[in-house]
Amino acid sequence: MTHEVVNQAPARAGLNEYLINPAMTEAVKRYDAQWATEQLSEVGALVGQADFQRDAELANINPPVFASHDRWGNRIDAVDFHPAYHRIMGAAISHGAHTSCWSSPRPGAHVARAATFMLFAQIEPGHACPVSMTHAVVPSLNVTPSLAAEWLPKVYSRVYDPQLHDPATKTSAIFGMAMTEKQGGSDVRANSTRALENGDGTWRLTGHKWFCSAPQSDAFLVLAQAPGGLSCFLVPRVLPGGSANVFRIQRLKDKLGNKSNASSEIELDGTVGWLLGEQGRGVRTIIEMVAQTRLDCVLGSAAGMRQSVSEAAWHVRHRSAFGAVLIDQPAMTAVIADLQLEAEAATWTALRLAAAYDDPSAAAFSRLATAVAKYWVCKRGPNHAYEALECLGGNGYTESFPLARRYREQPVMAVWEGSGNVIALDVLRAMAREPESVAAVDQELASALGVHPVYDAHVAATRKLIGQVAADPASAAGQARRVVEALALGLQAAVLIREAPDAVADGFVAARLGSERSLEYGVLDARLDLAGIISRA
């Protein structure tokens, strides 16, 4: 009898992660992607399977291994992955989590692709890095039609081929990027990597990169200083004809999270590349790729929040303590409801942003709103994961359950593509240089006025804050985080007031904007419809 297992939650598997996520299914319908329901349901069933979840675990407990040389001493710069990682990558690529919105454009295409990406990232986030970069590279490739014609068919492919060989013989390709250097970090204009013309249409790059994401990829976008200024180059791992390009991996980064995916330091030494765009316009060439990957940071953080609250709610629905099922204990009821509010707001905001990328007239809105949401949603992710982990007690703190992995993973979305201060200052820059973006976001906020007096007051205060910053640019940087937080909470509240059930909208406004506002979890007013909120977790 000492080994009888009682009062433990069963494995959370065999569920359709799409169909049981009401915020996602409602947003997909609202933002013109209902046509993708069958495919999304297929993905939801796939990632909910126990064997897929086991692959996610295996890919993280068996991280990639770097080999600089083969057994005979030849330099190979190879990164080897567990087969589980390749199975997950293959599934994500085959379902279009990377480039389906580009290869098959139609109303709602970015929303459908975003939802697909989120479903895969909810269970295994590490592989989402190369999937995201392959998606995001498309606008930059289109800057140079000759390179687009060569590479886009491979990027659009639904076939995953992890082997590195002659690009001419490959039908598919995965992309990475290498921008960050030791001395510059986010200040890419301080990059020291140099590029010189070969006279045959190619360039030779020499320098180092402090962070190169997914070094196993077929090709990369790389920033380097050309005679005409900082420029963007396409650098393949294998050159036409099949010879290896010079791409020396110095080491893999030993990261806090993101264990299944490889990040590296690399050296370029006469490495061959092709100029993408014009000399001196490297940042402008790559900026749209950055915008797309920032959106994917929001998607990934929202997906992580969904995993966190789902796992927490599952546990407390099956666990009893102190004479009652945990979910029915008032203190736990408030925590789960609050976690669900955060996840719901993140999901609706993420898919609202994705919908803006389906609408060419929404460019001004997406420019500012993406940066605002990237700052806030990604910054909320780690504490959300921690609170959910705590709901599982000691189980949550062990590597046998997925929330320990999620807790380590969430910070990367807040760091990748610009950490907090960088994003906050970028918001100020957009507000100053592109006032139409402020008007577009303000229109979004205005669309939800007149329903909640508390929300109306928040919008008025936000507008006042924006006016103060505009009137005193010299002190604007010191107010940057306050401005972004106010805008972010306003954006989240606006979409929930317009689109989500009353229980969710009312709960979010009361908890995040009201007089008893708290960014801590579990302090919701008991007069709110907590049961209605929890039913969606």
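Buried here means under 20% relative accessible area, a cut-off worth keeping in mind for these close-ups of a predicted model.

**Close-up A. Gln122, a residue of helix H6.** Helix H6 spans residues 109-123, and Gln122 sits in it. With a relative accessible area of just 2%, Gln122 falls under the 20% cut-off, so it counts as buried. Who's around it? Setting aside neighbours within four places in sequence, Gln122 touches Glu17, Ala303, Arg306, Gln307 and Arg406. Look for Val47 too: it is 75 residues from Gln122 along the chain, yet their C-alpha atoms are 8.5 Å apart.

**Close-up B. Strand S3 and its two partners.** S3 covers residues 175-180, and 5 of those 6 residues are buried. It pairs with strand S6 (residues 219-226) in the parallel sense, through 4 bridges. With strand S5 (residues 203-213) the pairing is antiparallel, and 2 bridges do the joining. Ala178 is a handy spot to zoom in on: its bridge partner in S6 is Val222, while in S5 the partner is Cys212.

**Close-up C. The largest nonpolar core, seen around Cys391.** This core has 146 residues, and Cys391 is among those with the most contacts inside it, along with Leu205, Phe233, Ile336, Tyr455 and Leu496. Helix H10 (residues 330-357) chips in the most, with 17 residues. Beyond its neighbours within four places in sequence, Cys391 is in contact with Ala312, His315, Val316, Met332, Val335, Ile336 and Leu339.

**Close-up D. A second, separate core.** Apart from the largest core lies another one, made up of 32 residues. Leu147, Val155, Ala214 and Ile286 are among them.

Definitions and conventions: Residues are numbered from 1 along each chain as its sequence is written. This is a predicted model: local features need pLDDT of at least 70, side-chain atom pairs count only at pLDDT 80 or more; totals for chains, interfaces and linings use all residues. Side-chain values use heavy atoms; hydrogens and water are left out. Buried means under 20% relative accessible area, exposed over 50%, partly exposed in between (1.4 Å probe, protein chains only). Two strands pair if DSSP finds at least two bridges between them. A nonpolar core is a set of buried Ala, Val, Leu, Ile, Met, Phe, Trp, Tyr and Cys residues joined through side-chain atoms within 4.5 Å. Contact means heavy atoms within 4.5 Å.
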